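This briefing introduces a structure to a reader who has not met it before. Please look through the sequence and the model first, and then follow the points below, which are grouped by topic.

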Amino acid sequence: MSSAHFNRGPAYGLSAEVKNKLAQKYDLQREQELREWIEGVTGRRIGPHFMDGLKDGIILCEFINKLQPGSVKKVNESSQNWHQLENIGNFLKAITKYGVRPHDIFEANDLFENTNHTQVQSTLLALASMAKTKGNKVNVGVKYAEKQERKFEPEKLREGRNIIGLQMGTNKFASQQGMTAYGTRRHLYDPKLGTDQPLDQATISLQMGTNKGASQVCGARGRAAGLLPFAVPTA
C-alpha cells in the first residue's frame with residue numbers, strides 16, 4: 001500500500017479555510033500540559049513536534065495501557081503505515097472502553113493525515129477528564145459531571161399526588177354553596193299562585209319559561225343534570 005494513500009497534498013479553497021479555522025482553535029498551552037502528562041505516565045519523550053510524535057500510535061497505546069493495563073494487547077513497532085493506523089485504531093477502541101464518550105473521540109485519519117489536530121487535542125483532554133474522574137492525578141482537563149439521582153420516599157410521592165398544581169388554579173376558599181348535587185330534585189314555583197317563594201336554591205321559577213307542550217324525547221339524564229326543564233302538570 002503506497003504512502004500516497006495516507007498523505008494528502010496541500011488543501012485549497014474551502015477545505016483550506018476549514019483547516020485554518022481548526023488550526024486557530026488549537027491550544028498550545030493545552031498541548032504542553034498534555035505533553036507533560038503523557039510523558040510523565042509513559043516515561044517516553046514525544047519529541048519536538050507533539051502530533052508527529054504520536055502519529056505512529058505507539059506512545060498512545062503504551063499510554064492507555066498505563067492508565068488501564070491490558071487495554072491494547074499488541075503494540076506494533078513497525079514503521080509501516082497500516083501498522084501505525086492499527087495502533088491508533090486500537091488506542092481509540094481502548095479509550096472508548098475506558099469511558100471516553102464516542103462524540104469526543106477523533107478519527108484515525110485526523111491524526112495520521114494531519115487533518116484535524118484540534119479534534120485530537122480535544123480527545124486527549126476528554127481522556128484526561130475521564131482519568132481524573134477515575135481518581136488519577138492529572139493536571140489537565142476537568143472531571144466528567146457525575147449523574148445525580150434524587151430519590152423520594154413512597155409517602156412523599158403519595159403526598160405529591162394530592163397537591164393541585166398552581167398552573168391548574170386553586171380551590172382555596174371555595175365552597176359548594178349554591179351548587180346542586182347531581183340527581184337532586186328541583187322544585188317548581190309559580191308566582192301567580194301567591195304562595196311564598198321557597199328559599200331553596202334548587203327552585204325554578206316559571207317566569208324563566210315553561211315547558212308546556214314539550215315532549216320527553218330527551219332522556220331523563222338531561223333533566224337530572226339540570227340541562228332540560230321538567231314538565232309542569234297543567235290544570
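A salt bridge, as the term is used here, is a side-chain nitrogen of Lys or Arg within 4 Å of a carboxyl oxygen of Asp or Glu. The model is a predicted one, and by this rule it has four salt bridges. One of them joins Glu 62 and Arg 44, whose closest N and O atoms are 2.7 Å apart.

**The chain as a whole**

- The secondary structure of the chain amounts to nine helices and two strands, and in sequence order these follow the pattern α-α-α-α-α-α-α-α-β-β-α.
- Of the 235 residues in the chain, 29% are buried, a label that applies to residues under 20% relative accessible area.
- The chain exposes about 17,300 Å², and carbon and sulfur atoms supply 51% of that area.
- When contacts between residues at least 6 apart in sequence are considered, 45% of them join residues at least 24 apart.

**Salt bridges**

- In the bridge between Glu 62 and Arg 44, Glu 62 belongs to helix H4 (residues 58-67) while Arg 44 belongs to the loop between H2 and helix H3 (50-54), so the pair ties together parts that are 18 residues apart in sequence.
- Both partners of that bridge are partly exposed, with Glu 62 at a relative accessible area of 22% and Arg 44 at 33% relative accessibility.
- Another salt bridge is formed by the side chains of Glu 39 and Arg 35, with an N to O distance of 3.7 Å; because these residues are four apart in helix H2 (residues 28-42), about one helical turn separates them.
- Glu 39 is buried, at a relative accessible area of 13%, and Arg 35 is likewise buried, at 11%.
- Glu 39 also forms a salt bridge with Arg 45, the closest N and O atoms again being 3.7 Å apart, but Arg 45 is exposed, with a relative accessible area of 65%.

**Aromatic rings and the charges over them**

- Which kind of aromatic pair do the rings of Trp 37 and Phe 63 make? Their centres are 4.7 Å apart and their planes stand at 90 degrees, so the pair is edge-to-face, a class that requires planes over 60 degrees apart.
- Trp 37 is part of helix H2 and Phe 63 is part of helix H4, so this pair ties together parts that are 26 residues apart in sequence.
- Trp 37 counts as buried at 8% relative accessibility, and Phe 63 is buried as well, with a relative accessible area of 0%.
- Lys 55 lies over the face of Phe 112, at 5.5 Å from the ring centre.
- The charged end of Lys 134 is placed over the ring of Tyr 98, at 4.9 Å from the centre of that ring.

**The loop after helix H2**

- Gly 43 is located in the loop between H2 and H3, where it is exposed, with a relative accessible area of 61%.
- Although Gly 43 and Phe 63 are 20 residues apart in sequence, their C-alpha atoms are 9.4 Å apart in space.

**Helix H7 and its surroundings**

- How does the span of helix H7 (residues 117-133), what is expected against what is found, work out? At 1.5 Å a residue, its 17 residues should span 24 Å, and the C-alpha atoms at its ends are 24 Å apart, which agrees.
- Of the 17 residues of H7, 13 are buried, so this helix is largely enclosed by the rest of the structure.
- H7 is followed by Gly 135, which has a positive phi, near 100 degrees.
- Most residues other than glycine have a negative phi.
- Asn 114, by contrast, has a positive phi of about 55 degrees although it is not a glycine.
- Asn 114 is found in the loop between helix H6 (108-112) and H7, and with a relative accessible area of 26% it is partly exposed.

Note on methods. Residues numbered from 1 in each chain as written. Predicted model: local features only at pLDDT ≥ 70, side-chain atom pairs only at ≥ 80, totals over all residues. Heavy atoms only, no water. Buried < 20%, exposed > 50% of the residue type's maximum accessible area, 1.4 Å probe, protein only. Expected span 1.5 Å × (residues − 1). Phe/Tyr/Trp six-rings, centres within 6.5 Å; stacked < 30°, edge-to-face > 60°. Lys NZ or Arg CZ within 6 Å of the ring centre and 35° of its normal. Contact = heavy atoms within 4.5 Å. Areas by Shrake-Rupley, 256 points an atom, 1.4 Å probe, with all protein chains shown as cover.
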